[in-house]
Amino acid sequence: MSSGCGVTDDGESPPIQTAISDTEHRATTAPVVEVLANPSPAVEPTTVVSSVFPSGNRFPENQLRLYIDFSAPMSNVDGLEEHLRLLDNRGEAVDEPFLPLGEKFWDHDYRRYSVFFDPRQVKQVIRSNEKLGQLLTAGNSYTLIIAPRGWRDANGLPLREEFRKEFVIGPADTTPLDPASWHLRIPAVETNQRLAVSFPEPLDHGLLLRGLAVESADGSRIDGDVEVTNWETRWTFTPAQRWAAGSYTLAALSILEDLAGNRIGVPFEIDAFDPIDERKDAETYRVQFEIR
């Protein structure tokens, strides 16, 4: 029998029972946290191939390069061979038509990619095409296919849709560029009319954008806007200021090329037995014109 002082009959104190309130219990228990969120919405691809140059549908048999323009910046990816295919007129894939692709062929903002046809097969100066077989054959048609799901943009998303470009092949072009064959449409004085330069054949789109300029009589470059149209056979220049009467120069850099890589006065395929004109090392060729 226990006494009022809380001692049992055998003289030992009973175990102490401590009552813990609900508030104290919750404070000593680790909280359970659960984050609830709605699933992320699916992001639809938006980047597409906006254009391929040459923009025309007839290439020479020794076509050198293509430019692929995208509507938004692309990812810096190497090894893109699987994203490009070339089909012949029977619908069969052409075996390894392009040089190995790499990041060095991107422009500075990753919106233009340069693709080179394998020169071992399209250029006669390298005689291996006799055993490899001609890559592009005059009279035949081909289709370039850019796959939609492999090539990813800067956000990691694939292209929105497949792109196809069909073209036919004409004879090989081994004729050097000749500025004497260019036609200039001279603008009127005291206007902002465009200076228009027409070529007898398509020229390389990328090089046209940076290979031509207009200079004043003192050699200073005139500011203005450049546009390339008519399947790369027409270059126009709109000056920032009105034309003043006087002498002007159309300056053409020696890097300018046609679709087969022929430059001013210099064919791409040089026969070792033909004499080379030593004057062709000039960096700039100039065509004079007057605005009266």
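Helices here are DSSP runs of H or I with at least four residues, and strands are E runs with at least two, numbered from the N terminus. With that in hand, here are some exercises on this predicted model.

**Exercise 1. Take stock of the protein: how many helices and strands does it have, and what share of its residues count as buried?**

Solution. Start with the secondary structure: the protein has 4 helices and 14 strands. Next, turn to burial: 39% of the 292 residues count as buried. Finally, look at the contacts between residues at least 6 apart in sequence: 66% of these join residues at least 24 apart.

**Exercise 2. Find the largest nonpolar core: which residues have the most contacts inside it, and which elements give two or more residues to it?**

Solution. Begin with the residues. This core has 27 of them, and those with the most contacts inside it are Val49, Ile68, Phe70, Leu86, Phe98, Ile146 and Trp151. Then map the core onto the strands: β1 (49-53), β3 (65-70), β4 (84-87), β5 (112-116), β6 (141-146) and β7 (163-170) each give two or more residues. Now zoom in on Ile68. Leaving aside residues up to four places away in sequence, Ile68 touches Val49, Ser51, Val52, Leu84, Arg111, Arg112, Tyr113, Val115, Ile146 and Trp151. Before moving on, note a second, separate core of 26 residues, with Leu208, Leu212, Trp243 and Ala252 among them.

**Exercise 3. Work out the open sheet of 3 strands: what is its strand order, and which strands are at the edge?**

Solution. Recall first that strands of a sheet pair through backbone hydrogen bonds, either parallel or antiparallel. In this sheet the order is β1-β3-β5, and the pairing is antiparallel. The edge strands are β1 and β5, each of which pairs on one side only. On average, and with direction ignored, neighbouring strands of the sheet are turned by 20 degrees against each other. For a closer look, follow β1 and β3: they pair over 4 bridges in the antiparallel sense, and Ser51 has Asp69 of β3 as its bridge partner.

**Exercise 4. Describe the setting of β6: is it mostly covered or mostly open, and over how many bridges does it pair with β4 and with β7?**

Solution. Check burial first: β6 is mostly covered, with 5 of its 6 residues buried. Then take the partners in turn. With β4, β6 forms an antiparallel pairing over 4 bridges, where Leu87 stands opposite Thr143 of β6. With β7, the antiparallel pairing runs over 6 bridges, and here Ile145 stands opposite Arg164 of β7.

**Exercise 5. Explore the empty spaces: which residues line the largest pocket, and which line the largest cavity?**

Solution. The largest pocket holds about 230 Å³ of space. Its lining consists of Arg65, Tyr67, Phe105, Arg112, Ser114, Phe116, Gly206, Leu207, Leu209 and Arg210. Sort these by element: β3, β5 and α4 (205-211) each supply at least two, and α4 provides the largest share, 4 residues. Now the largest cavity, with about 50 Å³ of space: Phe53, Pro54, Gln63, Arg65, Tyr67, Leu203, Asp204, His205 and Leu259 line it.

**Exercise 6. Locate Asn230 and explain why it counts as partly exposed.**

Solution. Asn230 sits in the loop between β11 (224-229) and β12 (234-239). Partly exposed covers the range between under 20% and over 50% relative accessible area. Asn230 has 43% relative accessibility, so it counts as partly exposed. As a last step, pair Asn230 with Phe199: they are 31 residues apart in sequence, and their C-alpha atoms are 10.0 Å apart in space.

Definitions and conventions. Residues numbered from 1 in each chain as written. Predicted model: local features only at pLDDT ≥ 70, side-chain atom pairs only at ≥ 80, totals over all residues. Heavy atoms only, no water. Core = buried A, V, L, I, M, F, W, Y, C linked by side-chain atoms within 4.5 Å. Buried < 20%, exposed > 50% of the residue type's maximum accessible area, 1.4 Å probe, protein only. Contact = heavy atoms within 4.5 Å. Pairing = 2+ DSSP bridges. Axes fitted to C-alpha atoms, helices over the stretch in contact; angles between N-to-C directions. 1 Å grid on protein atoms, 1.4 Å probe; cavity = no way out; pocket = protein on both sides within 12 Å on 5 of 7 lines; lining within 4 Å. Points joined across faces, edges and corners; volume = space filled by probe spheres on them.
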